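Colleague: I have a structure open that I have not seen before, and I would like to learn how to read its features one at a time. Could you take me through them slowly?

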Amino acid sequence: MFVHPFDDHAGLRNTQPDAGNQQAVWLANLIQAINGEYSAIACYEQIARRAPSAEARNIIMEIRDDEIRHFQTFSQFYTNLTGRRPQPQISEACPSTYKGGLEFAVKDEQNTVDFYRELARSANSPAMKQAFLEAARDEQHHAVWFLYLLINIR
Ligand SMILES: [Fe+2]
Ligand SMILES: [Fe+2]
C-alpha cells in the first residue's frame, strides 16, 4: 500500500503506526506458531514413549520430525524479521496417558490447520504464505494419523 509520507489529514503524519501494528500482530501469531510446534515436539516424544507398538511409535516419531521441520522454518522467519532467535516456550500441557495424548493431538492438529490457513492468508511474503499452506497440509495428515492410532487402541 502506498502511503504518502506527509499526509497531514486528521493530524496523522502517515499510517506507519498501522503498519507497525500489523507487523506486531504477525509476530505474535508467528510466536504462537513457534510455541505450538515446540510444544508438539515435546508432547509427541512423550506419546511415542507410551505407544503400544513399534508401528505406532514410528508413525508418531515421523510426525514429530515434521514438527521439527516446521519449528525450524518458522524460527527462521522470526529471525529474518527480528534479527533475533525465538525463545520458544511450552504453550500447552501434554496429557499423561497414551489415549489422552492422541485425543489431544487430533484436536490440536485440526485447530492448527485452521490457524495456519489464516496465517497463510495474512502472510505478506510468498515464502511465508507457501510455508504455512504446506504446514497446514502436513497438520491435516497428522490429524488423520492420530485418529487412526486412536481407533486402533485395543
Ligand atoms: Fe507442525
Ligand atoms: Fe502436526
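Modeller: Let us begin with one packing feature: the cover over the buried residues of H4 includes H2 and H3. Please keep in mind throughout that this is a predicted model.

Colleague: Before we look at that packing, how many helices and how many strands are there in the protein?

Modeller: The protein has four helices and zero strands, and its pattern along the sequence reads α-α-α-α. Of its 154 residues, 25% count as buried. Among the contacts with a separation of 6 or more, 67% are accounted for by residues 24 or more positions apart.

Colleague: Which residues of H4 are buried?

Modeller: A general idea helps here: an α-helix has 3.6 residues a turn, so residues three or four places apart point the same way. In this structure the buried residues of H4 are Met128, Ala131, Phe132, Ala135, Glu139, His142, Ala143, Phe146 and Leu149.

Colleague: And how should I judge the span of H4 against what its 26 residues should give?

Modeller: At 1.5 Å a residue, the 26 residues of H4, which runs over residues 126-151, should span 38 Å, and the end C-alpha atoms are indeed 38 Å apart, so the two agree. For H3, residues 98-122, the 25 residues reach 36 Å from the first C-alpha to the last, close to the 36 Å expected. H2 has 29 residues and reaches 41 Å, close to the 42 Å expected.

Colleague: At what angle do H3 and H4 pack, and how far apart are their axes?

Modeller: Two packed helices are described by the angle between their axes and the distance between the axes. For H3 and H4 the angle is about 160 degrees, and the axes are 8 Å apart. An angle over 145 degrees counts as roughly antiparallel, and H3 and H4 are therefore roughly antiparallel to each other. The crossing in which H3 passes H4 is left-handed.

Colleague: Within what distance do the axes of H2 and H4 come, and at what angle do they cross?

Modeller: The axes of H2 and H4 come within 11 Å and cross at roughly 160 degrees, which makes H2 roughly antiparallel to H4. H2, too, passes H4 in a left-handed crossing. Where these helices meet, H2 contributes Ala56, Ile59, Ile63, Asp66, His70, Thr73 and Phe77, while H4 contributes Met128, Ala131, Ala135, Asp138, His142, Trp145 and Leu149.

Colleague: Which residues are buried in H2, and which in H3?

Modeller: In H2 they are Ala56, Ile60, Ile63, Glu67, His70, Phe71, Phe74, Phe77 and Tyr78. In H3 they are Tyr98, Gly101, Leu102, Ala105, Glu109, Thr112, Tyr116 and Leu119.

Colleague: Which residues have the most contacts inside the largest nonpolar core?

Modeller: In soluble globular proteins, nonpolar side chains tend to be buried together. Here the largest nonpolar core has 15 residues, and those with the most contacts inside it are Leu30, Ile34, Phe74 and Phe132. Helix H1 (16-49), H2, H3 and H4 each supply at least two residues of this core. A second, separate core of 13 residues includes Cys43, Ile47, Ile63 and Leu102. Returning to Phe132, and leaving aside residues up to four places away in sequence, we find that Phe132 touches Tyr116, Leu119, Ala120 and Ala123.

Colleague: What follows H2, and what is the sign of its phi?

Modeller: H2 is followed by Gly83, whose phi is positive, near 80 degrees. In the loop between H2 and H3 we also find Gln87, Glu92 and Cys94.

Colleague: Is Gln87 buried or exposed?

Modeller: Gln87 is exposed, because 10 other C-beta atoms lie within 10 Å, and 12 or fewer is the cut-off for that class. Its C-alpha atom is separated by 9.1 Å from that of Ile34, although Gln87 and Ile34 are 53 residues apart along the chain.

Colleague: How many C-beta neighbours do Glu92 and Cys94 have?

Modeller: Glu92 has 14 C-beta neighbours inside 10 Å and so counts as partly exposed; Glu92 and Tyr38 are 54 residues apart in sequence and 9.7 Å apart in space, C-alpha to C-alpha. Cys94 is partly exposed, with 17 other C-beta atoms within 10 Å. Not counting residues up to four places away in sequence, Cys94 touches Ala42, Cys43, Gln46 and Gly101.

Technical notes
Residues are numbered from 1 along each chain as its sequence is written. Chains are lettered from A and ligands numbered from 1 in the order in which they are written. This is a predicted model: local features need pLDDT of at least 70, side-chain atom pairs count only at pLDDT 80 or more; totals for chains, interfaces and linings use all residues. The expected span of a helix is 1.5 Å times one less than its number of residues. A residue is buried if 20 or more other C-beta atoms lie within 10 Å of its own, exposed if 12 or fewer, and partly exposed in between; C-beta atoms are placed from the backbone. Two residues are in contact if their C-beta atoms, placed from the backbone, lie within 7 Å. A nonpolar core is a set of buried Ala, Val, Leu, Ile, Met, Phe, Trp, Tyr and Cys residues joined through C-beta atoms within 7 Å. Axes are lines fitted to C-alpha atoms, for helices over the stretch in contact, and angles run from 0 to 180 degrees between N-to-C directions. Angles under 35 degrees count as roughly parallel, over 145 as roughly antiparallel, 65 to 115 as roughly perpendicular and the rest as oblique. A crossing is left-handed if the near helix is turned anticlockwise from the far one by less than a right angle, and right-handed if clockwise.
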